[in-house]
Amino acid sequence: MFGLVGMFLNTMPLNDVYVGTDRRAHKRRTVDERGQLVIPSENCTLPCTIANLSAGGAKVVCDAIPASGTKVILIFANGNCSEAVTTRYADGELGLQFVAPSEPR
């Protein structure tokens with residue numbers, strides 16, 4: 001069997017791995033706000049918690065797991081609404097990208 005010494009160049013211990021920078025176009029802020037997630041294609045409205053928010057999107061915690069690319073409407077506690085498209089679901093959180101980005105509320 002061949003020795004592995006010197007086989008992997010430019011390796012670093014795991015605790016020194018480069019993580020990178022946040023590539024988001026809009027600065028996000030952490031919030032903890034109750035809201036509602038409307039899924040028009042399912043004729044369904046569900047309670048959700050808005051975990052973070054930016055001009056381009058939001059992260060919400062919700063019981064529903066709509067497929068990526070599903071059109072939704074996020075209703076904030078103050079009654080404002082934003083149309084969005086689902087982008088991902090991971091660790092119980094649903095990523096949303098607003099259809100028409102605006103300034104954060």
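## Close-up views of a predicted all-strand chain

**View A. Asn43 sits in the loop between strand 1 and strand 2.** The model shown here is predicted. Asn43 is not a glycine, yet its phi is positive, at about 50°. The residue counts as exposed because its relative accessibility is 74%, and the cut-off for exposed is over 50%.

**View B. Asp91 lies in the loop between strand 5 and strand 6.** Strand 5 spans residues 81–90. Asp91 is another residue other than glycine with a positive phi, here near 50°. Its relative accessibility is 79%, so Asp91 counts as exposed.

**View C. Ser54 occupies the loop between strand 2 and strand 3.** Is this loop residue buried or exposed? Ser54 counts as buried because its relative accessibility is 11%, and the limit for buried is under 20%. The side chain of Ser54 reaches the backbone nitrogen of Gly56. The distance is 3.1 Å.

**View D. The largest nonpolar core has 17 residues.** Which residues have the most contacts inside it? They are Leu37, Val60, Leu74, Leu96 and Phe98. Five strands each supply at least two residues of this core: strand 1 (29–39), strand 2 (44–53), strand 3 (57–62), strand 4 (71–76) and strand 6 (93–98). Nonpolar side chains tend to be buried together in soluble globular proteins.

**View E. Leu37, in strand 1, is a residue of the core.** Leu37 is buried because its relative accessible area is 0%. What does Leu37 contact, leaving aside neighbours within four places in sequence? Its partners are Cys44, Thr45, Leu46, Cys48, Cys62, Val72, Ile73, Leu74, Leu94 and Leu96. Thr49 is 12 residues away from Leu37 along the chain. The C-alpha atoms of this pair are separated by 9.2 Å.

**View F. Leu74 is also among the core residues with the most contacts.** Its contacts, apart from neighbours within four places in sequence, include Leu37, Val60, Leu96 and Phe98. Gln36, Cys48, Ile50 and Ala58 are also in contact with Leu74. So are Asn80, Cys81 and Ser82.

**View G. Cys48 and Cys62 do not form a bond.** The closest cysteine sulfur to that of Cys48 is in Cys62, at 5.5 Å. That is too far for a bond, because a disulfide needs the sulfur atoms within 2.5 Å. How many disulfides does the structure hold? The count is zero. Cys48 counts as buried, because its relative accessibility is 1%. Cys48 is in contact with Leu37 and with Leu74.

**View H. The whole chain gives the context for the close-ups.** The chain has zero helices and six strands. From the N terminus on, the order of elements is β-β-β-β-β-β. There are 105 residues, and 32% of them count as buried. Among contacts with a separation of 6 or more, 46% link residues 24 or more positions apart. The accessible surface comes to about 7,700 Å². Carbon and sulfur atoms account for 54% of that surface.

**View I. Confidence is below 50 over residues 1–22.** The mean pLDDT of the chain is 79. A pLDDT of 70 or more is reached by 70% of the residues. Over residues 1–22 the value is below 50. Beyond near neighbours in sequence, this stretch has two contacts in the model. Where pLDDT is low, the predicted coordinates should not be read in detail.

Key. Residues are numbered from 1 along each chain as its sequence is written. This is a predicted model: local features need pLDDT of at least 70, side-chain atom pairs count only at pLDDT 80 or more; totals for chains, interfaces and linings use all residues. Side-chain values use heavy atoms; hydrogens and water are left out. A nonpolar core is a set of buried Ala, Val, Leu, Ile, Met, Phe, Trp, Tyr and Cys residues joined through side-chain atoms within 4.5 Å. Buried means under 20% relative accessible area, exposed over 50%, partly exposed in between (1.4 Å probe, protein chains only). Helices (H or I, at least four residues) and strands (E, at least two) are DSSP runs, numbered from the N terminus. Contact means heavy atoms within 4.5 Å. pLDDT is the predictor's confidence in each residue, from 0 to 100. Accessible areas come from the Shrake-Rupley method with a 1.4 Å probe; for residues, only the protein chains shown count as cover. A polar contact is a pair of N or O atoms within 3.5 Å; within protein, one must be able to donate a hydrogen and the other to accept it, and residues adjacent in sequence count only if both atoms are side-chain atoms.
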